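Welcome! Please take a moment with the sequence and the 3D view below, and then we can walk through them together.

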Amino acid sequence: MIVLNNFSLKNYNTFGIDSQAAKFVTIQNTEDIKSVAAFTEKKYVLGSGSNILLPETIAGMVIKNALMGKRIIKEDNNNPFSLFNPLPLSSSSVSFILIIG
């Protein structure tokens, strides 16, 4: 995983806004996710870059999701989890939630 400093997001949004991210990283595997979690900067996850207006500068870390597909890592019939009935999360314990699919 390579962290890029003062990175232009012009090619990463459909409006072509030349926004500068203080730090930019592309995650390509689960190890990258673990590595990104260790950084202390505020994190922003960027999807396809459509329907988003970016500011001139972003002081935190922009994370480009390049993970493809999905994989079940755990199934538990005793504790069902769905997007419509999520587990309770406190905002102080979660920096960001990444749904891959």
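The paragraphs below go from the overall layout to a few individual residues.

Before anything else, keep in mind that you are looking at a predicted model. The protein has 1 helix and 4 strands. Reading from the N terminus, you meet these elements in the order β-β-α-β-β. The chain counts 101 residues, and 21% of them are buried. The exposed surface comes to about 7,700 Å², with carbon and sulfur atoms supplying 53% of it. How are the contacts spread along the chain? Taking contacts between residues at least 6 apart in sequence, 57% join residues at least 24 apart.

A good place to start is with the aromatic rings. The structure holds 3 aromatic pairs. One of them is formed by F7 and F24, whose rings are stacked, with 4.2 Å from centre to centre and 15 degrees between the planes. This pair links distant parts of the chain, as F7 sits in strand β1 (residues 4-8) and F24 in strand β2 (residues 20-27), 17 residues apart. Are these two residues buried or exposed? F7 has a relative accessible area of 18%, so it counts as buried. F24 is buried as well, because its relative accessibility is 2%. If you add Y12 to the view, you can see that F7, Y12 and F24 form one aromatic cluster.

From the rings, we can move on to the nonpolar interior. In soluble globular proteins, nonpolar side chains tend to be buried together. Here, the largest nonpolar core has 8 residues, namely F7, L9, A21, F24, L46, L54, I58 and V62. Strands β2 and β4 are the elements that give two or more residues to this core. You have met F7 and F24 already, as the stacked pair. Another member worth a look is V62. Which residues does V62 contact, leaving aside its neighbours within four places in sequence? They are L9, A21, K23, F24, V25, Y44 and L46.

There is also a second, separate core of 6 residues, which includes V25, V36, I63 and L67. L67 lies in the segment after β4 (57-65). With a relative accessible area of 15%, L67 falls under the 20% cut-off and is therefore buried. Look across from L67 to I27: the two are 40 residues apart along the chain, yet their C-alpha atoms are separated by 6.7 Å.

Next, turn to the loop between β1 and β2, where you will find N13. N13 is buried, because its relative accessible area is 7%. What does the side chain of N13 reach? It reaches the backbone oxygen of L9 at 2.7 Å, and the side chain of N13 also reaches the backbone nitrogen of I17 at 2.9 Å. Not counting residues up to four places away in sequence, N13 touches G49, I52 and L54.

One of those partners, I52, leads us to another loop, the one between β3 (43-46) and β4. I52 has 29% relative accessibility, so it counts as partly exposed. Setting aside residues up to four places away in sequence, I52 touches N13, F15 and L46. I52 and F15 are 37 residues apart in sequence, and their C-alpha atoms are 8.1 Å apart in space. L46, in turn, belongs to the 8-residue core described above.

Our last stop is the helix and its charged residues. Side chains of opposite charge can pair when their charged atoms come close. How many salt bridges does a search of the whole structure find? The search finds 1. This salt bridge joins K34 and E31, with the closest N and O atoms 3.4 Å apart. Both residues lie in helix α1 (residues 30-37), 3 residues apart, which is about one turn of the helix. K34 counts as exposed because its relative accessibility is 55%. E31 has a relative accessible area of 47%, so it is partly exposed.

How values were computed:
Residues are numbered from 1 along each chain as its sequence is written. This is a predicted model: local features need pLDDT of at least 70, side-chain atom pairs count only at pLDDT 80 or more; totals for chains, interfaces and linings use all residues. Side-chain values use heavy atoms; hydrogens and water are left out. Buried means under 20% relative accessible area, exposed over 50%, partly exposed in between (1.4 Å probe, protein chains only). Contact means heavy atoms within 4.5 Å. Accessible areas come from the Shrake-Rupley method with a 1.4 Å probe; for residues, only the protein chains shown count as cover. Rings of Phe, Tyr and Trp (its six-membered ring) pair if their centres lie within 6.5 Å; planes under 30 degrees apart count as stacked, over 60 as edge-to-face and the rest as tilted. A nonpolar core is a set of buried Ala, Val, Leu, Ile, Met, Phe, Trp, Tyr and Cys residues joined through side-chain atoms within 4.5 Å. A polar contact is a pair of N or O atoms within 3.5 Å; within protein, one must be able to donate a hydrogen and the other to accept it, and residues adjacent in sequence count only if both atoms are side-chain atoms. A salt bridge is a side-chain nitrogen of Lys or Arg within 4 Å of a carboxyl oxygen of Asp or Glu.
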